[in-house]
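This report covers charged pairs, a surface patch and nonpolar cores. The sequence and structure come first.

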Amino acid sequence: MNKMKTLGLILPLTLALTLSACAAPTPATSPATKPAVVSTQAPATSTQTVLNTQPATQPQTAPTATKAEAGSSASALKLLQTIWAAYPESDQFPAAGGDPSEANSTMKGPGAFSLEDPAMADSILGLPQSAGADIADAASLMHMMNANTFTAGAFRVKDPAKVKDLAEQLQANIQKRQWMCGFPEQLIILSVGDIAISAFGHSEIIETFKTQVLDAFGEAKVLVEEPIR
């Protein structure tokens, strides 16, 4: 009988501890504010004048961003981060970026993409393996659930005169791919200064991406816009 009573006490206690562990942590409460003490004594009279030697604080004005500011000096990663940061919340999707390495892979938006493995860049972003030598740095942004729903690659070329040539190479290489796990609907390639941006995926997502690029960068140009064949 004593054992039954002991078991009857242990089970409810265990359940209570389990449920309390699942509860969300509550933020630490601020210490109670002590009431101010009002002095009833008259202030002492002083003939000394106290001068405030600290300069007056000037209100800080946030810098005004313009479309022309984000031009060719930005890295490929910075460009994609700027685009993604401006996305309306209603148009955002589960996003990942970077290459598969531990150093660059991220599940928080765009990530840097190393070109040390040309075959990997070709497989994931559609970058021709022969084009890697002309690129200074690269970055990617992808739909986390399915890369064919949306994949974007940004490539900063060493010679700005070769942006259009890179766009043509990307177009030809992406269009000849054999697709698995879904078929992307639309391809778009844009330029922003010395950076070429390619993106393929569902038409609505591609259209939103194009709008964000054009809104963010005054020098952005659409070089290719066509259905995936």
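## Accessibility of a paired glutamate

Is Glu207 buried, partly exposed or exposed? In this predicted model, Glu207 has a relative accessibility of 38% and counts as partly exposed.

Glu207 forms a salt bridge with Lys210, with an N to O distance of 3.4 Å. Both residues belong to helix H5 (residues 203–216), where they sit 3 residues apart, about one turn of the helix. Lys210 counts as buried because its relative accessibility, 13%, falls under the 20% limit. The pair is also part of a network of salt bridges that links Glu207, Lys210 and Glu225.

## Other salt bridges

The count of salt bridges in the model comes to 5. One of them joins the side chains of Asp137 and Arg156, at 2.5 Å from N to O. Asp137 is in strand S3 (residues 135–143) and Arg156 in strand S4 (residues 150–157), so this salt bridge ties together parts that are 19 residues apart in sequence. Arg156 is partly exposed, at 25% relative accessible area.

Another salt bridge pairs Glu226 with Arg229, whose closest N and O atoms are 3.6 Å apart. Glu226 is buried, with 15% relative accessible area, whereas Arg229 is exposed, with 62%.

## Nonpolar surface patch

Which residues form a nonpolar patch on the surface? The patch consists of Met107, Met144 and Met145, which together have about 360 Å² of accessible area.

Met107 is located in the loop between strand S1 (95–96) and strand S2 (111–112). Met107 counts as exposed because its relative accessibility of 61% is over the 50% limit.

## Nonpolar cores

In soluble globular proteins, nonpolar side chains tend to be buried together. The largest nonpolar core here has 26 residues, and the members that touch the most others are Ile83, Phe150, Phe209 and Val213. At least two residues of this core come from each of helix H2 (76–85), S3, S4, strand S5 (186–192), strand S6 (195–201) and H5. H5 thus appears in this core and also carries the salt bridge partners Glu207 and Lys210.

Which residues does Ile83 touch, leaving aside those up to four places away in sequence? They are Ile197, Phe209, Gln212, Val213 and Phe217. Apart from the largest core lies another, of 21 residues, including Ala121, Leu187, Ala196 and Phe200.

Notes: Residues are numbered from 1 along each chain as its sequence is written. This is a predicted model: local features need pLDDT of at least 70, side-chain atom pairs count only at pLDDT 80 or more; totals for chains, interfaces and linings use all residues. Side-chain values use heavy atoms; hydrogens and water are left out. A salt bridge is a side-chain nitrogen of Lys or Arg within 4 Å of a carboxyl oxygen of Asp or Glu. Helices (H or I, at least four residues) and strands (E, at least two) are DSSP runs, numbered from the N terminus. Buried means under 20% relative accessible area, exposed over 50%, partly exposed in between (1.4 Å probe, protein chains only). Patches are made of residues with over 30% relative accessible area and no salt bridge: like charges are joined within 9 Å, nonpolar side chains (Val, Leu, Ile, Met, Phe, Trp, Tyr) within 5 Å. Accessible areas come from the Shrake-Rupley method with a 1.4 Å probe; for residues, only the protein chains shown count as cover. A nonpolar core is a set of buried Ala, Val, Leu, Ile, Met, Phe, Trp, Tyr and Cys residues joined through side-chain atoms within 4.5 Å. Contact means heavy atoms within 4.5 Å.
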